[in-house]
Amino acid sequence: MQHKLLSLCLPLLAPCLFFLFWEYAATAIDNELILPPLEQIIALLAHPGENLISMGTLAGNIGISMVRVLSGYALAVMIGVPLGVAMGYYGGLFRLLNAFLGMFRPIPPLAWVPLVLAWFGVASLATLANLPRGELYFYCNNLKLSMLFIIFIGALFPVLTSSVHGVRTVNRTLIDSARVLGATEKDIFLKILLPAASPSIVNGLRIGLGVAWMCLVSAEMLPGSLSGVGYLITHAYTVGRTDVVIAGMISISAVGALLDFGFQWIEKRKYAWKQLSR
Amino acid sequence: MNTPVLSARNVHKHFLAGHGETIQAVNDVSLDVVENEFICIVGPSGCGKSTFLRMAAGLESLSQGEILYRNQPVRAPRREIGMVFQEYSLLPWRTVRDNVSLGPEIAGRSRAERDAVAREYLALVNLGDFASAMPHELSGGMRQRVAIARALANKPDVLLMDEPFGALDAHTRILLQRELLRIREHHKTTIVFVTHGVDEAVYLADRVVVMTPRPGRIRTVLPVDIPRPRDRADPAYARLTAAILDMLDTETAAPATAKEEESCPSQASM
Ligand SMILES: Nc1ncnc2c1ncn2[C@@H]1O[C@H](COP(=O)(O)OP(=O)(O)OP(=O)(O)O)[C@@H](O)[C@H]1O
Ligand SMILES: [Mg+2]
């Protein structure tokens with residue numbers, strides 16, 4: 001009983017010490033620009049609907065950021081998973097593309113920024129689709145092509161690599177055992193390859209979403225951006241609102257953890273066999 | 001009755017190893033397997049037993065010669081030729097039931113039919129209570145029984161078995177050997193069974209095929225004329241076992257293959 005309580009408290013110990021230290025440092029420094037006190041941040045987070053220094057609300061900005069990330073991410077998934085599975089399945093396609101894609105893999109998404117700006121400028125989904133001005137235009141204009149690209153490129157490689165790896169490492173004996181039962185190529189693909197590769201694919205989806213979310217700030221620093229958590233952080237910095245910067249950072253952390261938690265839950269529930277089978 | 005079900009004619013197989021050198025795995029193997037026959041192939045590790053079986057299953061191409069199933073060349077895997085693998089081969093994400101009914105599922109049977117088949121064959125291998133279990137919840141011996149049930153549930157005409165009991169302890173092994181013979185009484189099938197246990201071969205087979213070390217050739221084919229159920233204490237049984245062991249021994253004593261023997265000791269002593 002005592003032991004259980006202790007093990008429950010243990011993970012809380014480090015955060016508590018951290019916040020204590022923060023409080024202490026904030027009072028000692030006594031400069032809101034360098035380190036605002038904890039209460040100030042909590043107050044900001046407690047009222048996410050409040051309008052902040054003409055940058056919209058915290059909640060609103062998080063919402064816009066999430067839509068951006070999910071759009072770029074969805075694109076990466078729609079291309080990454082089928083391409084990865086195909087590359088894992090067809091050796092020829094793998095040899096054709098692997099070295100080529102490998103050239104782009106090491107480039108940090110942020111390094112694409114200048115090029116992406118030159119290509120897309122401030123074009124958005126709204127201008128691309130030639131939408132009439134109106135509410136829809138307003139929303140779609142928030143989805144700048146340059147941002148989507150940065151998020152897309154960040155999420156693509158984890159998704160692609162895990163899909164390729166998942167399919168390529170499927171146990172040959174499992175495939176053979178289906179073939180001797182009379183399985184067609186389609187059976188093998190649907191009943192063996194996909195289920196066998198799916199833990200790895202889902203793991204890639206999870207890492208990809210994490211990376212996409214991390215690319216957020218860099219994407220929202222791009223010109224033409226007038227909203228989003230990343231914009232909030234960079235803009236708050238220029239007007240000296242460190243408290244808003246930190247509140248934004250905490251929101252990014254919280255949303256990121258929440259998204260990741262969803263995937264963890266799926267992995268635990270659906271892919272327990274992967275860990276349990278030797 | 002005596003037309004061969006499976007017939008290998010001068011089968012050769014070589015592999016191209018990574019550094020451009022060819023490995024001769026199977027060398028000029030000819031063998032006729034007749035209806036309802038139980039053939040055991042024994043030979044030292046690496047002599048090409050698995051390779052031969054994979055060719056017979058249509059999973060591997062031949063370098064030379066041909067393998068016929070009822071007078072048709074085997075070019076691709078087919079439902080009539082089932083196989084139980086040396087390695088672990090159950091689908092780990094499926095329940096035992098859905099593993100056993102994989103064959104009927106591929107054949108497009110309905111859910112109800114599939115479940116009935118799974119029930120029947122799981123009962124046959126004494127695993128009726130484990131239909132809803134996942135493979136990782138089973139012991140090694142139980143998994144191999146599921147693999148056997150899966151192969152049988154597809155109603156193959158010939159069943160190829162590649163050291164199905166190789167990874168099991170001596171006691172479980174003997175138990176499953178007995179069970180396999182019992183199952184065969186009810187479901188007449190032609191079986192080609194690979195092992196490197198000489199005792200196992202003599203216990204199970206109608207004929208024992210003794211292979212030489214790599215490149216695998218057939219050294220002799222010995223009929224086992226001991227009535228079943230066989231008694232391991234029977235002098236004829238002991239004589240035959242000793243004779244086969246002796247054959248394998250003189251083969252593996254050759255210096256060129258001494259290394260292979262070291263890495264995979266014969267399990268015949270069991
Ligand atoms: N795909 C392959 N590529 C290259 N060489 C192979 C391949 N498969 C088998 N071999 C070689 O062929 C030879 C025979 O292998 P095989 O697996 O048939 O032996 P085995 O008799 O089944 O041995 P064991 O009793 O250990 O299972 C070995 O030397 C092996 O290295
Ligand atoms: Mg083998």
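A helix here is a DSSP run of H or I with at least four residues, and helices are numbered from the N terminus. With that settled, I opened the model, which is a predicted one.

**Entry 1: a glycine in chain A**

I looked up A:Gly63 first and found it in helix α3 of chain A, which covers residues 58–89. Is A:Gly63 buried or exposed, or something in between? Its relative accessible area is 31%. Buried would need a value under 20% and exposed one over 50%, so a residue in between is called partly exposed. A:Gly63 is therefore partly exposed.

Next I checked a partner for this glycine. A:Gly63 and A:Gly228 stand 165 residues apart in sequence. In space, their C-alpha atoms are 7.6 Å from each other.

**Entry 2: chain B as a whole**

I then moved on to chain B. How many helices and strands does chain B have? I noted nine helices and 10 strands. The radius of gyration of chain B is 19 Å, and the globule rule gives 18 Å for 270 residues; the two are close, so chain B is as compact as a globular protein of that length.

For the outer dimensions, I wrote down a box of roughly 55 × 45 × 40 Å along the principal axes, filled by the C-alpha atoms of chain B. Of its 270 residues, 54% count as buried. The accessible surface of chain B is about 11,700 Å², and carbon and sulfur atoms hold 51% of that.

I also looked at how far apart in sequence the contacting residues of chain B are. Among contacts with a separation of 6 or more, 69% join residues 24 or more positions apart.

**Entry 3: around ligand 1**

Now to the ligand. Which residues come nearest to ligand 1? Of the 13 around it, they are B:Ser45, B:Gly46, B:Lys49, B:Ser50 and B:Thr51. Helix α1 of chain B, residues 49–57, gives the most to this shell, with three residues. By type, the shell splits into three nonpolar, seven polar and three charged residues.

I went through the side chains that reach oxygen atoms of ligand 1:

- B:Ser45 has a side-chain N or O atom 2.6 Å from a ligand oxygen.
- B:Lys49 places a polar side-chain atom 2.7 Å from an oxygen of the ligand.
- B:Gln86 has a polar side-chain atom at 3.0 Å from a ligand oxygen.

Last, I asked how much of ligand 1 the protein covers. On its own, ligand 1 has 630 Å² of accessible area, and the protein covers 67% of that.

Note on methods:
Residues numbered from 1 in each chain as written. Chains lettered and ligands numbered in written order. Predicted model: local features only at pLDDT ≥ 70, side-chain atom pairs only at ≥ 80, totals over all residues. Heavy atoms only, no water. Near = heavy atom within 4 Å. Polar contact = N/O pair within 3.5 Å; in protein donor to acceptor, adjacent residues only side chain to side chain. Areas by Shrake-Rupley, 256 points an atom, 1.4 Å probe, with all protein chains shown as cover. Helix = DSSP H or I, 4+ residues; strand = E, 2+ residues; numbered from the N terminus. Nonpolar A, V, L, I, M, F, W, Y, C, P; charged D, E, K, R; others polar. Rg over C-alpha atoms; globule rule 2.2 N^0.38 Å. Buried < 20%, exposed > 50% of the residue type's maximum accessible area, 1.4 Å probe, protein only. Contact = heavy atoms within 4.5 Å.
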